[in-house]
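Reader: I'd like to learn how to read a model like this one. Can you walk me through it?

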Amino acid sequence: MLSVLIIEGMGDFRCKHCNKAYTRLGNMRRHERYECLGSLPRFRCSICSHTSRRKHDLQRHIFCKHYKFF
């Protein structure tokens, strides 16, 4: 199990969906927009019904699952 050391005064920005703490507001906003379970997947595979929150994850999916089409 990984443990995280949080320095006092750090982690002042918390996600309103999952309560994950961030030291920078921009990182928390990126998390809320693209990564958090409260956000909807933005990327959809054109071959199947797979969706992803990150473009790289969709690209990896296409390469691993649909490589025979290329």
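Reader: What share of the chain's residues count as buried?

Author: Of its 70 residues, 20% count as buried. Keep in mind that this is a predicted model. As for the outside, the accessible surface of the chain is about 6,100 Å², and carbon and sulfur atoms account for 54% of that.

Reader: How many helices and strands are in the chain, and in what order do the elements run?

Author: You'll find two helices and four strands. Starting at the N terminus, the order is β-β-α-β-β-α. Now look at contacts between residues at least 6 apart in sequence: 0% of them join residues at least 24 apart.

Reader: On to cysteines. How many disulfides does the structure hold?

Author: Zero. The idea is to check the distance between sulfurs, since a disulfide needs a pair within 2.5 Å. For Cys45, the closest cysteine sulfur belongs to Cys48 and sits 3.7 Å away, so that's too far for a bond.

Reader: Are Cys45 and Cys64 buried or exposed, or partly exposed?

Author: Cys45 is buried, at 4% relative accessible area. Cys64 comes out partly exposed, at 46%.

Reader: And the pLDDT: what does the chain average?

Author: The average is 84, and 83% of the residues score at least 70. Over residues 1–6, though, the pLDDT is below 50, and that stretch has zero contacts in the model beyond near neighbours in sequence.

Reader: How should I treat a stretch like that?

Author: Where pLDDT is low, don't read the predicted coordinates in detail.

How values were computed. Residues are numbered from 1 along each chain as its sequence is written. This is a predicted model: local features need pLDDT of at least 70, side-chain atom pairs count only at pLDDT 80 or more; totals for chains, interfaces and linings use all residues. Side-chain values use heavy atoms; hydrogens and water are left out. Buried means under 20% relative accessible area, exposed over 50%, partly exposed in between (1.4 Å probe, protein chains only). Contact means heavy atoms within 4.5 Å. Accessible areas come from the Shrake-Rupley method with a 1.4 Å probe; for residues, only the protein chains shown count as cover. pLDDT is the predictor's confidence in each residue, from 0 to 100.
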